[in-house]
Amino acid sequence: MAKSLEDMSLEELWQLFPIFLEEHNKDWAAWYKEESRRIQSFLPENQLYEMHHIGSTSIEGIWAKPIIDILLEIPRGEDMGSIKRELLDHGYLLMSESEGRMSFNKGYTLQGFAERIFHLHLRYHGDNDELYFRDYLKDHSAVAKDYEQLKLILWKKYEYNRDAYTEAKTDFIRRYTQKSKKLYKRRYDDKIK
């Protein structure tokens with residue numbers, strides 16, 4: 001057995017952490033609030049940022065992977081590296097890193113999922129399409145149910161292939177994100193800069 005998650009192949013990780021969905025859990029909103037307060041407790045006090053609960057766990061009434069997605073937006077020009085160090089020091093693992101984007105997780109163990117699982121998306125302000133998609137689903141319950149049905153179909157097909165599961169949802173997400181941006185215009189543009 002691997003000594004750490006970092007030593008495992010993608011296939012081994014997918015076997016240990018399969019896709020699974022469950023009915024909406026009213027505790028997910030509280031888990032987000034608790035974790036966001038915890039993160040705020042160790043971020044530098046002078047750091048301007050906004051945190052948002054995103055992903056399917058933020059949409060009441062639809063099935064979701066029980067993983068709390070958090071979007072952490074920081075002002076352009078701020079040093080992402082200092083926040084990265086804080087997150088790593090406080091139990092998060094770096095999943096991926098690209099220009100202006102970092103993804104972290106918490107709740108993945110060598111024994112499988114912990115009771116609470118978090119994905120944190122660190123981005124610069126304005127890189128927030130997930131907010132528009134979330135708001136559209138919250139305001140359009142029929143579309144939210146369509147999204148739920150799509151995910152339920154894809155669940156068993158891609159249970160052990162997270163990348164294929166995510167890719168199969170992309171067109172749906174892109175279509176309704178674009179509709180949302182037209183409907184809500186620049187809803188999130190006037191926040192932190």
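Q: Let's start with contacts. Among those between residues at least 6 apart in sequence, what share joins residues at least 24 apart?
A: In this predicted model, the share is 67% for the protein chain. The cut-off to keep in mind is that a contact means heavy atoms within 4.5 Å.

Q: How do I judge the overall size of the chain?
A: Try the radius of gyration and compare it with a rule for globules. A compact globule of 193 residues would come out near 16 Å, and the protein chain has 17 Å, so the two agree. You can also picture a box: the C-alpha atoms fill one of roughly 45 × 45 × 30 Å along the principal axes.

Q: How much of the chain is buried?
A: Buried residues account for 46% of the 193. Here "buried" stands for under 20% relative accessible area.

Q: Which elements would I meet walking from the N terminus?
A: You'd pass α-α-β-β-α-β-β-β-α-α-α. That comes to 6 helices and 5 strands.

Q: In what order do the strands sit in the sheet?
A: Read across the open sheet of 5 strands, the order is 1-2-5-4-3, and the pairing is mixed. At the edges you'll find strand 1 (50-54) and strand 3 (93-98), each pairing on one side only. From one strand to the next, the twist averages 20 degrees.

Q: Which way do strand 1 and strand 2 run, parallel or antiparallel?
A: They're antiparallel, joined by 5 bridges. You can follow the match residue by residue: E50 stands opposite E73, H53 is across from I70, and I54 faces D69.

Q: And how does strand 2 pair with strand 5, in the parallel sense or the antiparallel one?
A: Those two pair in the parallel sense, over 8 bridges. For a place to look, find L71 in strand 2, which stands opposite H121 in strand 5.

Q: How do I read the two faces of a strand?
A: Here's the general idea: in a regular strand the side chains alternate between the two faces of the sheet. Now look at strand 2. On one side are I67, D69, L71 and E73, on the other I68, I70, L72 and I74, and all are buried, which leaves both faces covered. In other words, 8 of the 8 residues in strand 2 are buried.

Q: Strand 1 is an edge strand, so is it buried or exposed?
A: Buried! That holds for 5 of its 5 residues, so strand 1 is largely enclosed by the rest of the structure. E50, H52 and I54 point one way, while M51 and H53 point the other.

Q: Let's turn to a helix. Which residues of helix 3 are buried?
A: Helix 3 spans residues 80-89, and its buried residues are M80, G81, I83 and L87. They cover an arc of only 160 degrees around the axis, which means they lie on the same side of helix 3.

Q: What do those buried residues pack against?
A: Their partners are helix 2 (27-42), strand 2 (67-74), strand 4 (101-109) and strand 5 (112-124).

Q: Which residue caps the N-terminal end of helix 3?
A: Look at D79. One of its side-chain oxygens lies 3.0 Å from the backbone nitrogen of G81.

Q: And what follows helix 3?
A: There you'll find G91, with a positive phi near 95 degrees.

Technical notes:
Residues are numbered from 1 along each chain as its sequence is written. This is a predicted model: local features need pLDDT of at least 70, side-chain atom pairs count only at pLDDT 80 or more; totals for chains, interfaces and linings use all residues. Side-chain values use heavy atoms; hydrogens and water are left out. Buried means under 20% relative accessible area, exposed over 50%, partly exposed in between (1.4 Å probe, protein chains only). Helices (H or I, at least four residues) and strands (E, at least two) are DSSP runs, numbered from the N terminus. The arc is that of the directions from the helix axis to the C-beta atoms. A polar contact is a pair of N or O atoms within 3.5 Å; within protein, one must be able to donate a hydrogen and the other to accept it, and residues adjacent in sequence count only if both atoms are side-chain atoms. Two strands pair if DSSP finds at least two bridges between them. Axes are lines fitted to C-alpha atoms, for helices over the stretch in contact, and angles run from 0 to 180 degrees between N-to-C directions. The radius of gyration is taken over C-alpha atoms; the globule rule is 2.2 Å times the number of residues to the power 0.38.
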